[in-house]
Structures are given as structure tokens and as C-alpha cells.
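Hi everyone, thanks for coming. I'd like to walk you through a protein model today, so please have a look at the screen.

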Amino acid sequence: MCTVMTIDQQHLLGRTMDFPPRTPWHLTYLPRGYQWRAAQMTTTHSNSRALLGGMRVVDGHRLVGDAVNDAGLAGAELFFPVAADYPTTVRPGTQGLTPQDFIMWALGNHATVRELAADLDRVTVIDARWYDGQRYPFHWLLMDQTGTYVIEPLGDRLHVRANPLAVFTNTPALDDQLARLATYLEQPVTATVTQLAQAIATSNKSMPTGGNSVQRFI
């Protein structure tokens, strides 16, 4: 179960990588101007930002697990089975991406979360196989100097939302995780993030044991 969190006022991002790779992950640097093509697509992209992060290579194509770019925008992808809802066709007038290609596009071409959010209508992330023949449903955590955010594919469009608790795991979706956290803390499921943070600070409850994503999130 992958888990990612940010700390120290968005200066540090850390994650576990529990996804069993078919090829090894390597710390990799991609310079500005790095060219790539999304799986199932014909358009060649040229990154405007340099990237440094954990990547693996399949037939010459790089899958980015997590990275930071030269503007300080950082991101990580996490497994999101069952809950992920992607369209099957590319919307007219947009660039098509598979879930595996999204983080390369996001970090390779944007300086801030705000800039990325304004650009989301230009792409469609579709349910399609990547270069290794696999489908990987993902959702994403993003971090810049303004805070921590998430993008979840829960409909035909992608939307950015703030994640003030700055923790993210695999399925379920963030709202579901927050509701389960509230129940664990004996708070109403309608509790605000501020109320949850206060309950965390004063809780005497022991940490849950086990390795599933709900327990890991808590």
C-alpha cells in the first residue's frame, strides 16, 4: 500500500513505494526539452521543465512514480483501483493521456499547482493500456509552496482540490478517507479538516495496526 505525505510547510515530500514493479525503479533526471509520447497517442510532447524523480523504463518509455521539477512543483502517483473513473475516448480538442502518462505531462510542463489546474481542460486521461500492456488506475498528490493538493479521476474531468492534512494513500478516495478518519476519532463524518486536525492533536487513541490503506492513512 503506497502512502505519501508532505511536511515542513511543503518543503519535504516522502512516500513508500509498495507497488511490485516489473522493471526496477531508478532515480532519474530528465532535462528540459525531453521528448516523449503518451501511450496509444501520436503527438510528441517536449517538456518545458526538468524533472528529478523515481522512474522506470519500458521499451524506452519512462514511467514517473514521483518527481520534483525545476520550479519546485512535486508530485506522486498512487494506485487507485475500483474508485477510478476514466472516460474511454479523448474529448474533442484535447490531448489524450493514459493515467501512467499524466504525471510526466503535469510535472514536465507546469510551474505551480495553479498553473496545472488551469490547464487540465486541455487533456483527457483515458482508460487505456500503457507500453507494458498494463492498465494502472492512479490518483495523484501535488505539492508546491502554496500547499498540498490532490487530483482524483472521479468523473469525465480532472479537478484539483486542497489536501490540508497532507497525507494520501491508495483507494479509497480522499473524502472517504476523511470520513473514516472522523469515525476513528469519534467525530461526526461532517467534521471539517480543522476539526479533524484538532481531534488528532488531542486524541489519546492508539494507532491502528495493519497494512490496508485506511489504516495507513490514519
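I'll talk about the core, then aromatic rings, then charges, then one sheet. Please keep in mind that what you see is a predicted model.

Let's begin with the core. In soluble globular proteins, nonpolar side chains tend to be buried together. Here, the largest nonpolar core has 32 residues. Which residues have the most contacts inside it? They are Leu-97, Phe-102, Trp-105, Trp-140 and Ile-151. Now look at where the core gets its members. Two or more residues each come from strand 6 (51-58), strand 7, helix 1, helix 2 (113-119), strand 10 (123-125), strand 11 (138-144) and strand 12 (147-152). Helix 1 gives the most, with six residues.

That brings me to the aromatic rings. A pair of aromatic rings is described by the distance of the centres and the angle of the planes. The whole structure holds four aromatic pairs. One of them is Phe-102 with Trp-105: the centres are 5.8 Å apart and the planes make an angle of 45°, a tilted pair. How far apart are Phe-102 and Trp-105 along helix 1? They are three residues apart in this helix, which spans residues 99-108, and so they are separated by about one helical turn. Phe-102 counts as buried because its relative accessibility is 1%, under the 20% limit. Trp-105 is buried as well, with a relative accessible area of 4%. Both of these residues also belong to one aromatic cluster, together with Trp-140. You may recall these three names from the core, where Phe-102, Trp-105 and Trp-140 are among the residues with the most contacts.

Here is another ring pair to find on the screen. Tyr-136 and Phe-138 have ring centres 6.0 Å apart and planes at 20°, so this pair is stacked; the angle is under 30 degrees, which is the cut-off for that word. Tyr-136 and Phe-138 are both buried.

Rings can have charged neighbours too. Where does the charged end of Arg-56 sit? It is over the ring of Trp-25, 5.6 Å from the ring centre. In a similar arrangement, the charged end of Lys-205 is placed over the ring of Tyr-184, at 5.1 Å from the centre.

Now for pairs of opposite charge. How many salt bridges does a search of the whole structure find? There are ten, and I'll show you a few. In one of them, Asp-66 is joined to Arg-15, with 2.8 Å between the closest N and O atoms. Asp-66 belongs to strand 7 (residues 61-69) and Arg-15 to strand 2 (residues 12-15), so this salt bridge ties together parts that are 51 residues apart in sequence. Is Asp-66 buried or exposed? With a relative accessible area of 16%, Asp-66 is buried.

The next example is Asp-119 with Arg-122, a salt bridge at 2.9 Å from N to O. The two partners make a nice contrast: Asp-119 counts as buried at 17% relative accessibility, whereas Arg-122 is partly exposed at 45%.

Then there is Asp-175, whose side chain meets that of Arg-161 in a salt bridge of 2.8 Å, N to O. Asp-175 sits in helix 3 (residues 174-184) and Arg-161 in strand 13 (residues 159-162), so the pair links parts 14 residues apart in sequence. Asp-175 is partly exposed, with a relative accessible area of 48%, and Arg-161 is partly exposed too, at 30%. Salt bridges can also be joined up: Arg-32, Arg-49 and Asp-70 are linked in a network of them.

Let's finish with a sheet. Three strands, in the order 2-1-14, form an open sheet with antiparallel pairing. Which strands are at the edges? Strand 2 and strand 14 (167-169) are, each pairing on one side only. Ignoring direction, neighbouring strands of this sheet are turned by 15° against each other on average. Strand 1 (residues 3-7) pairs with strand 14 over three bridges. If you'd like to trace one contact between them yourself, start at Thr-3, whose bridge partner in strand 14 is Thr-169.

That's my tour, and I'm happy to take questions.

Conventions
Residues are numbered from 1 along each chain as its sequence is written. This is a predicted model: local features need pLDDT of at least 70, side-chain atom pairs count only at pLDDT 80 or more; totals for chains, interfaces and linings use all residues. Side-chain values use heavy atoms; hydrogens and water are left out. A salt bridge is a side-chain nitrogen of Lys or Arg within 4 Å of a carboxyl oxygen of Asp or Glu. Helices (H or I, at least four residues) and strands (E, at least two) are DSSP runs, numbered from the N terminus. Buried means under 20% relative accessible area, exposed over 50%, partly exposed in between (1.4 Å probe, protein chains only). Two strands pair if DSSP finds at least two bridges between them. Axes are lines fitted to C-alpha atoms, for helices over the stretch in contact, and angles run from 0 to 180 degrees between N-to-C directions. Rings of Phe, Tyr and Trp (its six-membered ring) pair if their centres lie within 6.5 Å; planes under 30 degrees apart count as stacked, over 60 as edge-to-face and the rest as tilted. A charge sits over a ring if NZ of Lys or CZ of Arg is within 6 Å of the ring centre and within 35 degrees of the ring normal. A nonpolar core is a set of buried Ala, Val, Leu, Ile, Met, Phe, Trp, Tyr and Cys residues joined through side-chain atoms within 4.5 Å.
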